[in-house]
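Visitor: I would like to know how the labels on a model like this one are earned. Could you take me through a few of them?

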Amino acid sequence: MAKSLVIVESPAKAKTIGKFLGKNYKITASVGHVRDLPKSKMGIDVEHEYEPNYITIRGKGPVIQELKKEAKKAKKILLATDPDREGEAISWHLAHILSIEDNEKCRIEFNEITESAIKNAVKKPRKINKSLVDAQQARRVLDRLVGYSISPLLWRKVRKGLSAGRVQSVATKLICDREKEINEFIPQEYWSISAFLQKRSSKEVIEAKFYGSDQEKMEVHSKDEVEKILGRINENEYVVSDVKRREKKRNPYPPFTTSSLQQEAANRLGFTTKKTMIVAQQLYEGIELKDEGSVGLVTYIRTDSTRISDEAKEKARRYIINNFSEEYLPEVDKQYKTKKEAQDAHEAIRPTDIERTPDHIRESLSNDQYKLYKLIWERFVASQMKNALYDTYSVDITNNGYIFKASGSKLVFEGFLRVYTYATVSDTEIPEVEINNKLLQDRIEPKQHFTQPPPRFTEATLVKELEEKGIGRPSTYAPIITTILSRGYVEKESKALRPTELGLIVTELLEEYFSDVIDQHFTADLEIKLDEVEAGQLDWIRVIDDFYKPFSRVLKHAEEEIEKIEIVEEVTDEVCDVCGKHMVVKYGKFGKFLACSGYPECEHTRPFVHKIGVPCPQCQGEIVERRSKKGRLFYGCINFPKCNFVTWSKPIHENCPTCGTLLVEKKTKKGTIIQCSNKECKYKRQGEDD
C-alpha cells in the first residue's frame, strides 16, 4: 500500500517526479483541470455573490474515479500542481473532489523538478492558499461575465460565432489602433549627407555623416537645403577637429522571464508564443535523457521575475571559472531589477543543472527542444558573466563651419558574448586619425529619405506591449494571441499582425459601447486588484461587484441601441465542387475556411489556402502556402496528393537562366537570396530588396 499519494497535472511530470520519490509514494496525474464552469451557459449566479457553478469536465469521469480509488488507499494526499494561481485552483478543485479538509496540509510546490526540490517539497506541505484560489476564481468569473455577456450580443448584432474577452479585446484594440496610426501616417522628407574621406597617405576611406554647424545639430528636409550645404563645402578643407576614445561597456541580458523568453524565441528562433510555451513546458516537466531517465531541464516557465537563487548563482560562478577562467567572472554577483509591478513569485527561467549543457544532451532532444534549451541555458550563463568591453572611437571633422561625424568600435573583451551566441556583435573599425589632420574628399553622397510609419506588431512586440502596459500576466500572453488569430480578428502577414475587417468592426463596436472593457488602463487596474486579492488585501466578490454593476447597465443600453451590422462576405474565385457557385471566406473556431455561397442549400466547405500566384512546375496547378505538423511554413501544389511538388523556400514567377528550373527566395541573415530550386544547379543572386 502506498503511504502517500502525490497528484500532479501531467503524466510527463508524474513520470519525472516518480524517479525521485521511493516506493512509499504513488504518483498520478489529474491531466489538467477536473472541474470548470459549464460551456453551455454563464454558470455564475449574479444574484448570490457571483457564486460559480462548477461542474466536472466532460470526459474526466474515469480520471476522477481513479484518483478517488487511489486516495482511499493512501495514508496522505499531496497536491503538487504548478506553483501559480491556476495550479492552486486545480489543487483546490482536487481537494473538493477528494473531500480533503480546508485545514489539511496537503499542498506542496516546487520551482524546478529536481530531486532536491521534490524531496524538500514533500517535507513541507502547507494548506491550500485560498487567497491564490480567490484571485484565480475572480479572473475566471470576470472573464466569464464579459465573454458570456458580450459574445451573444455580437452573435445577434454582427455574426454568429464571434467572441469578446476581457483581455483578448484589449489586445485586438492595440493592433487596430496601430493600423489606424499606419493609415493616418504622413511621411516627412529628410536627407542624409555622407562624405567619404581619405588621409593623404592612405587609401582607406572614412565615412563621415553630416551633423550640422559648429553651433548646433541641423536637420535637412529638402533638396534645396542639401544644395545650399553642398555649395558651401570645400572638398579640400576637411580638418579633424576632435578625436574621442572611450571604453564602452555592454551589459549582459538578465535571465529570462516568460515574456522575454517569448520575445527572444520569436526574434531568434522564429517560434510563435504558443510554440514557445509548449516546448518550454516539455523542458520543465521532463525529458527522457540517455542514462538519466526523465529529467526536468528548466525551472518553472511562468514567471515575471529575474531573480536567481543564491545556490544557482554559486553553481554558475563555479561553472564560469572552470570553463572560461576567472577573467570572465564579475567580482560581485550580477543583480537584475525585477519590474515594480511584477509578482516575483518564482525565479527567472534557468536550467536546473548548469552542467547539463545543450550539446551534451542534444541527442535526447527534438530540434525545437534543443533550440529553446540552448537559448535558455546560454542566456542564464551569460547573465552571470562580465560585461563585454569595446574601444570606441569618434571623430569630428569640420568644413567651412559644418561638422561631419564618424565613429567606430572594436571589441576588446568579449565577456558574456563568449557564451551568448544570439547577441549581435558590433565591430566597426575606422582608420586612425589625429586632430588637425587634413582629409581628402573621395566623394560626397546626399540621400533622400522619408519617415516611416510605426511597424505593425509581431507576436514578440505585442507581448512586450502587453507586459509594459500591465495587460494580462505571463501565463495569458500565448492564449491571447492564439485566440485573436483563430477568431479571425487578426491575421498574419509574414510575421506582422494585421486586423481583419471583422476585427476593426468588432473593436469599433466595443469602443463605442464597452469603452471600459477594452480600455488598457482599466484592464491593467483590474490586474492590480487581482494581485491584491492574491495578497489577501481585497475581497474577490467586491472586485467583481465593482465591475459588474456598471457593466450590466452598459450591456442593457448596448442591447437597445446597437443595430444589426451586415458584413459583406469576401467572395473568392474558387468554385464549389458540388454546385458550381463561388466560394466565400468564413471564419470558424480554427480560423479561415471556404464555404459555398449557396448555403444553406449547399453546405460544401473546404480548407482556405493562400495562393502565391506561381504555377506548379510539375503540373501547372497553383502553388499554395501550407504548414507542417510542427507549424513550419512550406509551399506545395494545390493538387496534392496527385502532384507531390513541395519546397521550403518561396517560389517566384521566374525560371533559372542557367537550367530553366523554378527559382525560389531564401531568407538569410544578410538578406534575400534568389536561387535555383534544382539542387544540382549553382545559380544564385542577391534579392532586389537588398
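Visitor: What makes Glu508 and Glu512 "exposed" in H14?
Guide: Happy to start there, and do keep in mind that this is a predicted model. Exposed stands for a relative accessible area over 50%, and Glu508 and Glu512 are classed that way, on the other side of H14 from its buried residues.

Visitor: Which residues of H14 are buried?
Guide: They are Leu502, Gly503, Val506, Thr507, Leu509, Leu510 and Tyr513.

Visitor: How do you know that these buried residues share a side of H14?
Guide: They cover an arc of only 160 degrees around the axis, so they lie on the same side of H14. The general picture helps too: an α-helix has 3.6 residues a turn, so residues three or four places apart point the same way.

Visitor: What do the buried residues of H14 pack against?
Guide: Their partners are H5, H6 (168–184) and H16.

Visitor: Why are H5 and H16 called roughly parallel?
Guide: The axes of H5 (residues 130–157) and H16 (residues 540–561) cross at roughly 5 degrees and come within 10 Å. Angles under 35 degrees count as roughly parallel, so H5 is roughly parallel to H16. By class, their contact has 15 nonpolar, two polar and four charged residues. Among those that meet are Leu142, Leu145 and Ile150 in H5 and Phe547, Tyr548 and Phe551 in H16.

Visitor: Why does Ile77 count as buried?
Guide: The relative accessible area of Ile77 is 16%. Buried means under 20%, so Ile77 qualifies. This residue of strand E7 (residues 76–79) touches Leu5, Ile7, Ala71, Leu98, Ile100 and Cys106, not counting residues up to four places away in sequence.

Visitor: Is Ser99 buried or exposed, and how do you know?
Guide: Its relative accessibility is 61%. The cut-off for exposed is over 50%, so Ser99 counts as exposed. Ser99 sits in the loop between H3 (85–97) and H4 (115–123), and has a positive phi of about 60 degrees although it is not a glycine.

Visitor: Why is Ser325 called partly exposed?
Guide: Ser325 has a relative accessible area of 30%. Since buried means under 20% and exposed over 50%, with partly exposed in between, Ser325 is partly exposed. Phi of Ser325 is also positive, near 95 degrees, and the residue belongs to the loop between H10 (310–324) and H11 (367–383).

Notes: Residues numbered from 1 in each chain as written. Predicted model: local features only at pLDDT ≥ 70, side-chain atom pairs only at ≥ 80, totals over all residues. Heavy atoms only, no water. Axes fitted to C-alpha atoms, helices over the stretch in contact; angles between N-to-C directions. Helix = DSSP H or I, 4+ residues; strand = E, 2+ residues; numbered from the N terminus. Parallel < 35°, antiparallel > 145°, perpendicular 65-115°, else oblique. Contact = heavy atoms within 4.5 Å. Nonpolar A, V, L, I, M, F, W, Y, C, P; charged D, E, K, R; others polar. Buried < 20%, exposed > 50% of the residue type's maximum accessible area, 1.4 Å probe, protein only. Arc of directions from axis to C-beta.
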